Amino acid sequence: MSKVVLVPVFILLFCNAFSQEFLVKGQVVDALTNEKLSSATVFVESLQDSTLLNYTISNSTGEFELLFKTKEEQAKLSISYVGKLPFVQRLPLTTPSIELGVLKLEDLTDNLDEVLVNVDRSPITIKRDTLEFNAASFKTRPDANLEDTLKQLPGVEVDASGNITVNGSPVQRILVNGREFFGNDPKIATKNLPKDIINKIQVVDTKTQSQEFTGEEGDSENKTINITIDKEKNRGFFSRATQGGGTDDRYEMSGIANYFEDDLRLSVLASSNNINSSGFTFDEVFDAMGRRAATVTGGRGGNFGINGANSGNNTGITKSETAGLNFVNEWDKIYEVSSDYFFGSNKTDTRTSTRRENILPDRTFFTNSERNSRRNNDSHRGNVNFTYKPDTLTRINIRPSINLSKGVNQSSSISESLSESGDLINTSEIENRSENLNFNFNNTLSVTRKFGSRGAFLDVSLDNDNNKSESDNFLFSNRQTFGTNADLEEQDQLISENSNSETYKVATRYRSVMADNLFLDVSYSYEIEASKNERNVFDFDETTNTYTNFNQDLSNEFEVKGETHIPRVGLRYEGDKLRTGFNVGLLNTQLKTENLIQNVEFRNEFNNLFTSANLRYEFQRSKRINISYRNSNNIPSIQQLQPVPIQTDPLNIIEGNPNLNPSFNQNLRINFNNFDFRTRSGYGVFFNYTYITDQVVSVSFTDLDLIRRTTFDNISGAQNANLNVYYSKQIRTENKAIYRLRGNISGQYEKNLGFTNGVQFQSENYVVSPNLSLTYEKDQTLTLTPGVGVDYNLRNYNINSNRNEEFTNLNFSLATTTYWPRHVVFGNDLTYFKFGNVAADFRSSSLQWNMSLGYQFAKDAATLKFKIYDLLDQNIGTRRQTGDDFVQDTDQLILERYFMLSFTYKFNKFSGTQPNSRRRRS
């Protein structure tokens, strides 16, 4: 690896011999008041072709230092600041150090074209709540998309999975001209929007639509990116289509088309593949295959998984078909609508082998199992966001959403349980076929009225969430126990289950202005949750050959109703640097459970003091600290409350407890981040702590036949804490080379409580995870990214002689992309991982390698690619999960090595341009 890095370093030193380094110093102040202007953008351009040489921002005293390299004898210095006339000066480059002294900026009073052009060319503009980048100032390849552009921005990080952070804060939404682009999945926008059409990239704190309208402060710990479209490109369309076929009948097809005309936007997409991909968040080099050969994930309690196995959502092999439509428009600045529709069809095959050690206070036993399943599911999702603004002070918004899914699941499993000495205790077999129908409708209606321009308003909202599910489950199982109590029990049943849940919430909030930047908030919210579950079990009647024998012991009709009242009052101060506030109120919860078959009813009422407080202090525009505290409660689910045995697994019988209390959570968060635009470096610290009172936990009892019966109870004392420290550094050289260093170290502590066989237990988990990566880019022809990660785990359990575990997981990665020779794109992604606590007969390490070789032609609009997934055929589906009373190793069906040939074509046409024409790079 060291030899690879030394080559570009040598080239860098050789090229720099032809350029001279210059340092410009100065101070920016207000021409009228002499106030020192912090966060003014200072940038230097070449006089010859207006190439951006470097930029920085002024510090808290208005001072700046700007270092740049050039071969020219003169350069152009520009300074921009919100509300001020741009300052422009030609710099004679006669000495290495240039002292400019005090530079005064006048107020912006005219809208001259020249002024606007200079402001528009500023690479960065820092406003009170907005960080704005000029896309044209950051060089990328001509065919770059939004994700490629984001990677060039200072303080912005994009990981291998496409997740985005800005100065350490995660990006939750991507907007295009202030409106959502295909719902709430940012990757659809980042992977598909071409840089050609982008004008500005604006980073703001995530806000609700009501907060955007009233001007309230948003969520400073999460970010939203808004993309503004270049005006000359806001009329036209862009599209792309990909089709590929490979070995083992693997294939991919996808297409997306987007039409823009001022405020109107229409997008259509469709996809079909059997390589476990959504089809729309494809990588430019690897398409739908994805960039990272293996994704190593950690979970709570130190669990780990490969390729999503830890979450259970990406296991098996899935054939997916998807289609979507998105429509956005605005009329007369009064009416605005955004709507989308998605159809999805998934067919998933899974196969799982599991070995589990079960730990009891006085003994252990082992369970081995095999499970196969096939899931077919069709879904429809529709969303509408309609806004009406009858005047500048009133906003009415309605956001209905409908989800409908229908599926058929078939599964079979076998398992055996053995004593600690290896004696067979029981076996079971299960055959299951279920038909499911799920429907969800949710809607938010909000009315907001502003009073004047100082920040007073009244907001009233009504939310509803209605869910309905129906299922028919044909279950056949047998359970055989051995030894002195040998027994054989069979079930052949039809389980018909109907569930309905409805949630309605009414909330109102009034904000009044007490003084400049000081507000009084008075609010009240009422929420009602009602759930009903009807479970009817019918045993098979051999005389009629039908399921007609009603099983009353396993059937039930159960209702849960919860009501929450939260009256509260608060103060809020929103200054330029300090923003702080608190709310205090009563958290009143009423819980009612009713067994309609047995005619038994339970009622409980709980009162807690509701409090929330936060403080945000901004030392500079890019340096701030946030501290927040909040408490909340969670009502138990109907499955945890329903007092009826669930015996779909004859070795694990579950029964709810109608006497449960809601859990009460208290959360403290501290977040500090700082980014220095002069040195292109940033660091931050994030801390999160949660304490839970009356947590709902499992209470299990395992008998001598190793049959486990589980119910639920409340217990207090569970807690978890997370600490993360990160650092990033970006270096740009005059010969177009870029280095990006990223490092972070995170720590996690978790304390869990529960009961097994009448004994209360607790576990404490400690995880420390340092990670480091470096990216080297050279002239848009080479990208090299090595990375290393370590997870150190220490777990203490007080079950069965205070067992402890200590192990370390390692992963190394290397991603390379070359764009040489011309029109050829060659990508490689390698990941090596090794886990320290996998069973001896399970593979604990693997080297996974994805490769792609593409050739671009037809003015780079067409690409022919040859791709290999898992070149070395080492992909594994290993998973180890360690719980409070078990250790489990799992091996799952996964996607294995395949070869694929694909063809991609892009077609773009914007107003005033020829099809597929590219904007020249500055």
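This passage describes paired strands, a surface patch and two loop residues in a predicted model.

The strands from β24 to β28 are described in chain order. Strand β24 covers residues 394–419 and strand β25 covers residues 424–451; the two run antiparallel and are joined by 25 bridges. Within this pair, V408 stands opposite E435 of β25. The two strands form a hairpin with four residues between them, and G422 in the turn has a positive phi of about 95°.

Strand β25 also pairs with β26, again in an antiparallel arrangement, through 26 bridges. Here the bridge partner of F441 is N466, a residue of β26. The hairpin of β25 and β26 has four residues between its strands, and G452 takes a positive phi near 75°.

On the next step along the chain, β26 (residues 456–481) is joined to β27 (residues 487–515) by 25 bridges, and these strands run antiparallel. N478 stands opposite E490, which belongs to β27. Five residues lie between β26 and β27 in their hairpin, where the turn residue G483 has a positive phi of about 95°.

Strand β27 is further joined to β28 (residues 518–541) by 22 bridges, and this pair too is antiparallel. A515 stands opposite L518 in β28. The hairpin formed by β27 and β28 has two residues between the strands, and N517 in the turn shows a positive phi of about 70°. In a regular strand the side chains alternate between the two faces of the sheet.

A nonpolar patch is found on the surface. The patch is formed by L853, Y855, F857, L864, F866, F899, L901, F903, Y905 and F907, which together have about 870 Å² of accessible area. At least two of the patch residues come from each of β46 (845–857), β47 (862–869) and β50 (898–910). The strand that gives the most is β50, with five residues. One of the patch residues, F899, is found in strand β50. F899 has a relative accessible area of 30% and therefore counts as partly exposed, a class that lies between the buried limit of 20% and the exposed limit of 50%.

Two loop residues were examined individually. The first to be described, S58, is placed in the loop between β3 (52–57) and β4 (63–70). S58 counts as buried because its relative accessibility is 2%, and buried means under 20%. The side chain of S58 reaches the backbone oxygen of L37 at 2.7 Å. Leaving aside residues up to four places away in sequence, S58 touches L37, S38, S39, A40, E63 and F64. L37 therefore appears both as a residue touched by S58 and as the residue whose backbone oxygen is reached by the S58 side chain.

The other loop residue, D703, lies between β38 (695–702) and β39 (708–715). A polar atom of the D703 side chain lies 3.0 Å from the backbone nitrogen of I707. When residues up to four places away in sequence are not counted, D703 touches R363 and R709. The C-alpha atoms of D703 and N757 are separated by 8.5 Å, although these residues are 54 residues apart along the chain.

How values were computed. Residues are numbered from 1 along each chain as its sequence is written. This is a predicted model: local features need pLDDT of at least 70, side-chain atom pairs count only at pLDDT 80 or more; totals for chains, interfaces and linings use all residues. Side-chain values use heavy atoms; hydrogens and water are left out. Contact means heavy atoms within 4.5 Å. A polar contact is a pair of N or O atoms within 3.5 Å; within protein, one must be able to donate a hydrogen and the other to accept it, and residues adjacent in sequence count only if both atoms are side-chain atoms. Patches are made of residues with over 30% relative accessible area and no salt bridge: like charges are joined within 9 Å, nonpolar side chains (Val, Leu, Ile, Met, Phe, Trp, Tyr) within 5 Å. Accessible areas come from the Shrake-Rupley method with a 1.4 Å probe; for residues, only the protein chains shown count as cover. A salt bridge is a side-chain nitrogen of Lys or Arg within 4 Å of a carboxyl oxygen of Asp or Glu. Buried means under 20% relative accessible area, exposed over 50%, partly exposed in between (1.4 Å probe, protein chains only). Two strands pair if DSSP finds at least two bridges between them.
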